[in-house]
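Reader: I'd like to go through this model and ask where its labels come from. Can you show it to me before we start?

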Amino acid sequence: MEETSAARLNPTTDTSGIMPEFDPKTMRSSKPGLKRLIITTTVLFSFLLGLPFLWKSVEIYRSPLPFHDIDSLSDQIESTPLRFPCTFHAVFVGFRSTDPGKLRSEIQDGIDQLTHRSSQCGSCNFSLSVTVQNPDDQCSEAIDYNPSSCSYRCGVVKRYGFGVGLDDAVDESLDGVFSGCSGHSGKVYSVFVVNRENANGEDDEVKAVVGKRRHAWIVGSGLEERYEDVVARVSEVFVKVFMNGGREEDSIHGEFMPVGSDGKIVLSFSLLNSNPRDWVYDWDFQRIDEALLAPVTKALAPIANISVESQVLYHTPKSSFSSWDEKLQSYIFKTSDLPFFVNSNEWHLDTSAGASGRSKILQFVVYIPSGNECPLQLQLPNGEISKTNGFISPMWGGVIVWNPGNCDKDSQSLSRNTISPQDLEQIVEVFLGQFRQLFGFKSEALYTSGLGTYKILPSERGFTEWELDVLSRKHTCFNLHSCSTTLGSLSRLVQSLPRMIIKDEIGEQVKYSLKAAKLAQSNASLGGYSSSASSSREARSLAENAFFHPSIMSVSYFSYEHCFAVYSPFFLPVAGHVVLAALREWKRYKQEKAKYLAWLTRKKSA
């Protein structure tokens, strides 16, 4: 190196006579070299240049999420509850001197009193029209003019067309009495009040019927004199039946939502032979599925994707005990025994491969008792025997105890027996009633209130059209609220953990979930009940898929502390020595340069 070359002057020799005195501890006569400094600096910069590549290699990918849109959806659902357009039309047939404008005002007041002017999600934003048809088939109207108005074709409904035993025919005939209805204005619900003439001059019993579609009728004589009672009953039908579905509460809560978070329901039907040594029964379930269950699954398609499966199991005893009742000549199990009836250790019911994930499984069990406890009857708390001999378990399903026709096991053939089509049809009808109860509806075809009793015509699809409307409205609100809550939780989780991995798939699911939610709101405002329910179900399912994505569940948090702890043993020891060497070499270079500058200064002054 330069400082050790032979060109250095001898500090003890003064050849020129003008050379200053040289101190080797504080001065040097040659310029310090840069080779060592350049080498150490180059090594240091090579480490520094590698830091961006290291940071890129440990970078956490986060797909951008629309946090603002998520907050906007939550605020909108909370501040502006979703309401559906409904058109109410009351038709009074056989009324002579009744003012339709006064009727409309009083029915409006009755509806407001029953709803308490509620604006909760799923309620009706209704318009009300009233038509009065006198005995001469001349009409006067008080119509709420809006794009969804429907006009009643005057004279179509006759007073004598509401005879005994004609309910189904009347329901069919009322389906075409309105014209000019817009297809995107919500549903039209009508109540016909028919004032019949009574030859005896006495008021007969008032008959009230709610049809399978969206019509109801109240028939009786002397109804014009019972003005206030008629108005109250019309208001009650509109609110408590058509708006609330005959339910006491105004909304469908979580416990009455037997739909999986992915929008799917699996109906699992099981035939259990308690003791196959006594008798063995099978069923032709496929025929029942096609004839009775297919219409139900099709009707509920906008609300849930329903699949049906069946199985036959053997050696499936129950967990509760039964006692012999001499008076009833049967074995009895009581309602207090129901929590112990289902034997989860012996009843292997969850065998469906298609019911994995977040789908909801509803179990419907036909239990055939053994010969030692046949016949087996369910005794109600009032001491009577249950007509269906079955019970439900909320959010789980239902059970029916089916006793063979002959309980003498010695006379039974050990060959395989088949439940008759008639018995199987009755069993499925009971199951449909239980299925309705799981959705919060009543199983009996009657609705009783303080004003009277209404007969409800049953539908072959298990649910009437106005009941499906109620389900669509309530489930749309429930799904949108659940979607908003799930997306809000995901948004807060992602923002609180800046090192969480967010894949593109999650971002797309969130985006499509928000899009489906907005579409559901738009369809609901236009009166598209089925389309809004279907879109809201998709929005909820996509939100749940995003929140429970495997990438979030497996690697939910990758902190800076974790990154430092993993990589510091590999890079910190070497990097520390390089940095210290560079600092030490820079300090040495500054000292040597100071010595050289001191010598130059001494030389100039000399």
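Author: Sure. One cut-off before the helices: contact means heavy atoms within 4.5 Å. Keep in mind that this is a predicted model.

Reader: Then which residues of H8 and H9 meet under that rule?

Author: On the H8 side, Leu480, Cys483, Leu487 and Leu490. They meet Ile506, Val510, Ser513, Leu514, Ala517, Ala520 and Gln521 in H9. By class, this contact has nine nonpolar residues, two polar ones and no charged ones.

Reader: What makes Ser513 and Gln521 polar here, and Cys483 nonpolar?

Author: Cys is on the nonpolar list, along with Ala, Val, Leu and Ile, whereas Ser and Gln are on neither the nonpolar nor the charged list, so they count as polar.

Reader: How do H8 and H9 pack?

Author: Helix H8 (residues 465-496) and helix H9 (residues 504-525) pack at an angle of about 150°, and their axes are 11 Å apart. Angles over 145 degrees count as roughly antiparallel, and that makes H8 roughly antiparallel to H9. The crossing of H8 and H9 is left-handed.

Reader: And why is H5 called roughly perpendicular to H8?

Author: The axes of helix H5 (residues 227-243) and H8 cross at roughly 70° and come within 9 Å. The window for roughly perpendicular is 65 to 115 degrees, so H5 is roughly perpendicular to H8. In this contact, Val241, Phe242 and Met243 of H5 meet Trp466, Val470, Arg473 and Lys474 of H8. Those residues divide into five nonpolar, no polar and two charged.

Reader: On to strands. What makes S12 and S15 edge strands?

Author: They belong to an open sheet of three strands, in the order S12-S13-S15, with mixed pairing. Strand S12 (323-325) and strand S15 (376-379) each have a single partner strand, so one side of each is left without a neighbour in the sheet. The twist averages 50° from one strand to the next.

Reader: How do you know that S12 and S13 pair?

Author: Pairing takes at least two bridges. Three bridges join S12 to strand S13 (residues 330-334), and the two run antiparallel, so they pass that cut-off. One of the partnerships links aspartate 325 with serine 330 in S13.

Reader: How many strands does the other open sheet have, and which are its edges?

Author: Five, in the order S11-S9-S14-S17-S16, again an open sheet with mixed pairing. The edges are strand S11 (305-314) and strand S16 (390-393), each pairing on one side only. The twist here averages 15° from one strand to the next. Strand S9 (residues 264-273) runs parallel to S14, with nine bridges joining them, and leucine 272 has tyrosine 367 in S14 as its bridge partner.

Reader: Which helices lie on that sheet?

Author: Helix H6 (residues 285-299) lies across S9 and S11, at about 150° to S11. Helix H7 (residues 421-438) packs on the sheet too, touching S9, S11, S14, S16 and strand S17 (397-401), and its direction makes about 145° with that of S14.

Reader: What makes the peptide bond between cysteine 374 and proline 375 cis?

Author: Omega is about 0° there. Proline 375 lies in the loop between strand S14 (360-368) and S15.

Reader: Last one: what does UniProt list for residues 37-55?

Author: The unreviewed entry lists them as "transmembrane region". In the model, the span is 100% helix and 0% strand, with its end C-alpha atoms 27 Å apart.

Technical notes. Residues numbered from 1 in each chain as written. Predicted model: local features only at pLDDT ≥ 70, side-chain atom pairs only at ≥ 80, totals over all residues. Heavy atoms only, no water. Axes fitted to C-alpha atoms, helices over the stretch in contact; angles between N-to-C directions. Helix = DSSP H or I, 4+ residues; strand = E, 2+ residues; numbered from the N terminus. Parallel < 35°, antiparallel > 145°, perpendicular 65-115°, else oblique. Left-handed = near helix turned anticlockwise from the far one by under 90°. UniProt positions renumbered as here; feature names shortened; annotations may be inferred.
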